[in-house]
Amino acid sequence: MMLGKPGASRASFRILPQQDPVTPQSNDGPVALLRTIGAAGLRHKGRLAIWVALCLAAAAAYVRTTPPTYTAAATVLLEPRRQVPSAAREIAAPSSLDLNAADSELQVIRSERLLSTVFDALALSNHPELGPQPPGLLQMLANRAGAALHSVWALSTGAPRAEASLRVDPRRNAFENFARRFSARRVGQSYVLEISYVSADPELPARVANAAASAYLLQSVAFKADAARSGAEFLQGRLDALSTQVGAAAAAVKAGALPVQPIPDADARIIGAAQAPLGPSSLRGSLILAFAGVFGLLGGVFVAALASVFDRRVRRPQDLLRETGLSCLAAIPEIAGGRQQGSASASDSAMLVAREHAGFFAAGIRDLGTAIDIAWATRRSEGSPVVAIGSWRPGTGATLLTMNLAQLLHRRGRRVSVFSADASSARGADGGPAGPSLTDVIASGSTVQAAFANIDGVRLLPIRSETPQLNRFVDFRDVRAGLVIAQARQRGEVLIDLPPLGESSDAAALATHADIVVLVAAEGATSYDELNDALGVLQRAGVTVIGAVINRGRS
């Protein structure tokens with residue numbers, strides 16, 4: 001392809017030599033997903049390490065501040081027995097047990113009547129663990145927020161404010177806390193019932209579980225004792241035996257233990273007594289810390305990968321080509337102290353490429369110059385090119401790259417003229433303007449050669465005028481602008497530092513005088529959408545964009 005003359009209608013295309021075609025790598029599939037997640041994790045490794053450390057610290061704080069809990073369980077086997085055939089009524093109604101009856105017995109164990117019996121027998125109403133607990137931080141904040149909202153509502157509606165809070169029955173509150181810690185379940189589909197209790201007191205769970213099992217036996221045998229007392233057909237010996245079993249079960253409930261003698265008439269048999277736990281059943285510190293570490297790592301990597309998917313900012317050269325179709329001409333790293341160059345003089349900013357510790361920065365500027373030479377190789381017979389360097393918005397370092405590229409070309413023995421969008425680039429010795437700007441030349445209607453300032457061997461002419469009113473009405477498509485740029489081109493190479501393309505149409509008008517245009521993107525700041533917008537503006541202006549530069553410095 002051949003480049004058209006400036007001002008002619010031409011489409012945006014790349015004129016750099018194309019590499020041999022290779023088989024493109026797939027960007028889909030699990031391998032690509034893992035590659036993306038890994039790259040996101042490496043890119044945010046500092047934040048990821050901080051996040052994992054915070055998760056581990058939170059888990060450690062939770063483990064240290066949360067007391068351990070202990071669990072003990074007693075098991076009861078439902079085993080109905082046939083009564084002594086002392087009456088025809090009993091012989092005609094043998095005992096039986098099915099799964100529905102087992103579920104019914106389970107509800108009996110969970111009933112408030114049985115729990116109240118255990119609660120009162122063990123005198124747990126004054127136990128410190130079951131009493132009112134101080135509210136946590138979240139509950140305290142919620143209570144204060146609710147009180148504040150109620151006060152605002154009372155003031156707005158004129159309703160009387162509630163001064164006294166509702167009274168809470170201490171015993172009822174303790175019983176509700178006791179019931180929440182108590183549990184009973186069937187073991188699979190068997191007739192075995194497991195009664196368990198959870199407490200921070202290592203001795204209390206076994207006492208409660210055994211007392212509940214004994215209370216269940218007591219309730220069952222007491223019912224039969226009452227039936228025996230009301231039936232004349234039962235012998236006194238039978239009544240005495242049942243009374244003895246009732247007394248043994250009642251004593252066991254009060255002691256928080258199992259009966260010391262068998263209770264054969266309870267239709268159930270205790271097959272496993274609750275033992276004092278050897279260690280806490282919950283709050284496994286090592287498991288919680290391991291879970292916190294894994295959660296922090298996986299969660300952090302997932303968030304980093306998700307952020308990378310929705311991150312539309314320029315970061316890698318290969319993504320630049322895929323998102324915009326522009327080749328990456330150079331990746332210029334940030335030089336030490338480069339963030340302060342916005343407040344430095346034009347001379348200091350232009351001399352960054354000559355610093356001793358600017359090796360990678362100078363190499364990036366050299367790559368940019370080489371890419372421009374390769375792009376202009378087919379038209380070298382026409383003389384030196386007019387190169388425009390610009391960006392969509394300020395702060396990408398376009399002026400800094402232009403000045404350092406000009407200094408690099410000057411040190412190679414070339415004559416370079418720069419049209420700078422930075423009004424402070426060309427200053428006299430006293431800090432005032434060194435001469436008329438390009439805007440002043442166009443506004444004056446004069447064809448006299450513009451007075452360029454000399455900045456370390458580079459001829460420099462500001463684009464904007466010191467008079468704001470002139471900048472409002474000047475048209476850079478004017479033929480006088482083309483004459484000034486053509487006169488500078490006769491002396492050597494010309495670089496145009498374009499104003500931000502997203503702020504006004506002046507940048508596109510100036511770009512029409514250039515042979516080739518290079519866009520600048522600040523890594524992590526410029527988005528692909530901004531680059532595409534800038535590319536669209538230049539395409540409509542009919543200029544040729546050869547690629548983009550990823551600049552990591554911000555000046």
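In the predicted model, the buried residues of helix 11 are covered by elements that include strand 5 (328–332), helix 19 (528–541) and strand 12 (545–551). Helix 11 spans residues 317–324, and its buried residues are Asp319, Leu320 and Thr324. These residues lie on the same side of helix 11, because the arc they cover around the axis is only 105°. The residue that follows helix 11 is Gly325, which has a positive phi, near 80°.

Two of the covering elements, helix 19 and strand 12, were examined through one residue each. Val537 is located in helix 19. Its relative accessible area is 18%, and Val537 therefore counts as buried, the cut-off being under 20%. When neighbours within four places in sequence are left aside, the contacts of Val537 are Trp392, Leu501 and Ala508. A further pair links Val537 to Ser505: the two residues are separated by 32 residues in sequence, and their C-alpha atoms are 8.8 Å apart.

Asn551 belongs to strand 12. With a relative accessible area of 1%, Asn551 is buried. Its side chain reaches the backbone oxygen of Thr396 at a distance of 2.9 Å. Thr396 also appears among the contacts of Asn551 beyond four places in sequence, together with Ile332, Gly397, Leu401, Val520, Ala521, Ala522 and Glu523. Of these, Ile332 falls in strand 5 (328–332), and Val520, Ala521 and Ala522 fall in strand 11 (516–522).

Asp515 is found in the loop that connects helix 18 (506–511) with strand 11 (516–522). Asp515 is buried, its relative accessible area being 1%. The side chain of Asp515 forms a polar contact with the side chain of Arg489, at 3.2 Å.

Helix packing was examined for two pairs that share helix 5. In the pair of helix 4 (residues 99–110) and helix 5 (residues 112–121), the axes come within 5 Å and cross at roughly 40°. Helix 4 and helix 5 are therefore oblique to each other. Helix 4 contributes Val108, Ile109 and Arg110 to this contact, and helix 5 contributes Glu112, Leu114 and Leu115. Four of the residues in the contact of helix 4 with helix 5 are nonpolar and two are charged, with no polar residue.

The second pair consists of helix 5 and helix 7 (residues 170–181), whose axes are 11 Å apart and pack at an angle of about 110°. Helix 5 and helix 7 are therefore roughly perpendicular to each other. On the side of helix 5, the contact is made by Glu112, Leu115, Ser116, Val118, Phe119 and Asp120. On the side of helix 7, Arg171, Arg172, Ala174, Phe175, Phe178 and Ala179 take part. By class, the residues in the contact of helix 5 with helix 7 comprise seven nonpolar, one polar and four charged. Glu112 and Leu115 of helix 5 take part in the contact with helix 4 and also in the contact with helix 7.

For the chain as a whole, 19 helices and 12 strands were assigned. The chain has 555 residues, of which 42% are buried. Among contacts with a separation of 6 or more, 80% are between residues 24 or more positions apart.

Definitions and conventions. Residues numbered from 1 in each chain as written. Predicted model: local features only at pLDDT ≥ 70, side-chain atom pairs only at ≥ 80, totals over all residues. Heavy atoms only, no water. Axes fitted to C-alpha atoms, helices over the stretch in contact; angles between N-to-C directions. Helix = DSSP H or I, 4+ residues; strand = E, 2+ residues; numbered from the N terminus. Parallel < 35°, antiparallel > 145°, perpendicular 65-115°, else oblique. Contact = heavy atoms within 4.5 Å. Nonpolar A, V, L, I, M, F, W, Y, C, P; charged D, E, K, R; others polar. Buried < 20%, exposed > 50% of the residue type's maximum accessible area, 1.4 Å probe, protein only. Arc of directions from axis to C-beta. Polar contact = N/O pair within 3.5 Å; in protein donor to acceptor, adjacent residues only side chain to side chain.
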